[in-house]
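Let's take a walk through this one together, starting from a single side chain and working outwards. Have your viewer ready.

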Amino acid sequence: MPNKRRLEPYNNSINIPVYNSASYYFNNKDDVIDGMHKKTKQIGRYGRYNNPTWLYVEDRLSELSGAEDTLLFASGMAAHFTTFVALLNKGDHVIFPSECYRQVRNIFKKILPELGIETHEVSIVDPEFFVSEVSRICKEHPVKLVHLEMPSSPHMYLIDLDNLKNVIPKETIVTMDSSFSPPPNFYALKWGVDITLFSGTKYLNGHGDIIVGVASGRKDLIDKINWYRDTTGAIADGQVAYLLNRSLHTLELRMKEINQRGMYVAEYLEKNSLIKNVLYTGLSSHPHYELGKKYLNGHGGVVTFTLDRNEEDTAKFIDKLEFPYMASNFGAPQTLIEQSTFFTYFEYSEEELNAIGVSYGTVRIALGYTGDMDSLIADIDQALKSSIY
Ligand SMILES: Cc1ncc(COP(=O)(O)O)c(C=O)c1O
């Protein structure tokens, strides 16, 4: 085998190739100086710092969100954690919503306080209360960062961003978990958010086959987060970046289809007398319907409904279903269903469940974009009827 180094034969592939390289070569000393020291030339160095497949998809994600810059991460949680650790220091104050994703809540409740960061929890159930509480806390403390999530799961609560921005000091950073409402349904940065965070695992990828995270927004903040990603290494690999890039081609088509399905199924569920209530921001019965009209271009495929049943009897309904998978995720091609107190909140006490407004009859259905919705509806119908004993 000859040992002379090989060069890439050509670079005119329509699709970005999957780059899987632990390091990158430099052609000469000047390349090292320009690429690594001065950073005036874009050239790879080492696989924890750069990967051309990431750069390609990061650029596309910036374009999608209207961001100055984007970073890809190993998971949505890695994107969240790296962002918070990069932007916060000991003694800083942060505000977070009670209704945010359980593991993000754990970061605010358990990890950040251990690092000496003061976290203030405020419920978003009442949008006016949320704004007034944030205003009060910002007057009492120099709040460094306000974290938001909308819609929240499982209630699909929203936040009045215009009102909120009026009470937050200019220098306070606003981050937003937009996993449930990616573009084109919602453009967080357009409404004054500084960094939008995604579990790319969900709608952005939309095939249920990778775990990936995204942070998009202001370049000065992304640069800081990038230093932490370089250092702590919560990176996605080339194959994951490739699959996410592939998925972005169909994001708009998928969201359009999913929004229609969401509305269709939510309307059916609302008419069904065996269902106590339905939470979907596209329905006028949702407490934040007006906010949805203002901020969202579509309401997605996650529909939450409540049965007037105890935990056991709700489980009987789910067990009778033949169509959806009993699984916890959303944005996948397949339809998934979960009983909230059996899945996401299975470790919560009754008191904690009451505090977050989740009852034993709460069910979350995450509609896929495959399979026909009338069969799903018929399946829900038969399961509701056949699980009453
Ligand atoms: C709203 C929300 N944010 C963040 C995450 C974390 O994302 P990942 O699973 O990609 O780490 C999830 C995962 O379920 C989520 O639902």
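Start at Leu161 in this predicted model. Skipping its neighbours within four places in sequence, Leu161 is in contact with Leu148, Met150, Met176, Phe186, Trp191 and Tyr295. Zoom out a little and you'll find that Leu161 belongs to the largest nonpolar core, a set of 29 residues. Leu161, Leu148 and Phe186 are the ones that touch the most other members. Which elements give two or more residues to this core? They are helix H5 (127-140), strand S4, helix H6 (161-167), strand S5 (173-177) and helix H10 (289-295). H5 gives the most, with 5 residues. Domain 1 (51-248) and domain 2 (251-386) both contribute residues, so the core lies between them.

Now follow S4 (residues 143-149) over to strand S2: the two run parallel and are joined by 3 bridges. One pair to look for is Val94 and its bridge partner in S4, Leu145. S2 also runs parallel to strand S3 (residues 118-122), with 5 bridges joining them. Here His93 has Glu118 as its bridge partner in S3. To get from S2 to S3, the chain passes through helix H4 (residues 102-114), and this β-α-β crossover is right-handed.

What about S2 itself? In a regular strand, side chains alternate between the two faces of the sheet. In S2, His93, Ile95 and Pro97 point one way, while Val94 and Phe96 point the other way, and all are buried. That's 5 of the 5 residues of S2 (residues 93-97), so this strand is largely enclosed by the rest of the structure.

Methods
Residues are numbered from 1 along each chain as its sequence is written. This is a predicted model: local features need pLDDT of at least 70, side-chain atom pairs count only at pLDDT 80 or more; totals for chains, interfaces and linings use all residues. Side-chain values use heavy atoms; hydrogens and water are left out. Buried means under 20% relative accessible area, exposed over 50%, partly exposed in between (1.4 Å probe, protein chains only). Helices (H or I, at least four residues) and strands (E, at least two) are DSSP runs, numbered from the N terminus. Two strands pair if DSSP finds at least two bridges between them. A crossover is right-handed if, with the strands pointing away from the viewer, the path from the first strand over the helix to the second runs clockwise. A nonpolar core is a set of buried Ala, Val, Leu, Ile, Met, Phe, Trp, Tyr and Cys residues joined through side-chain atoms within 4.5 Å. Domain bounds come from an automatic or database domain assignment. Contact means heavy atoms within 4.5 Å.
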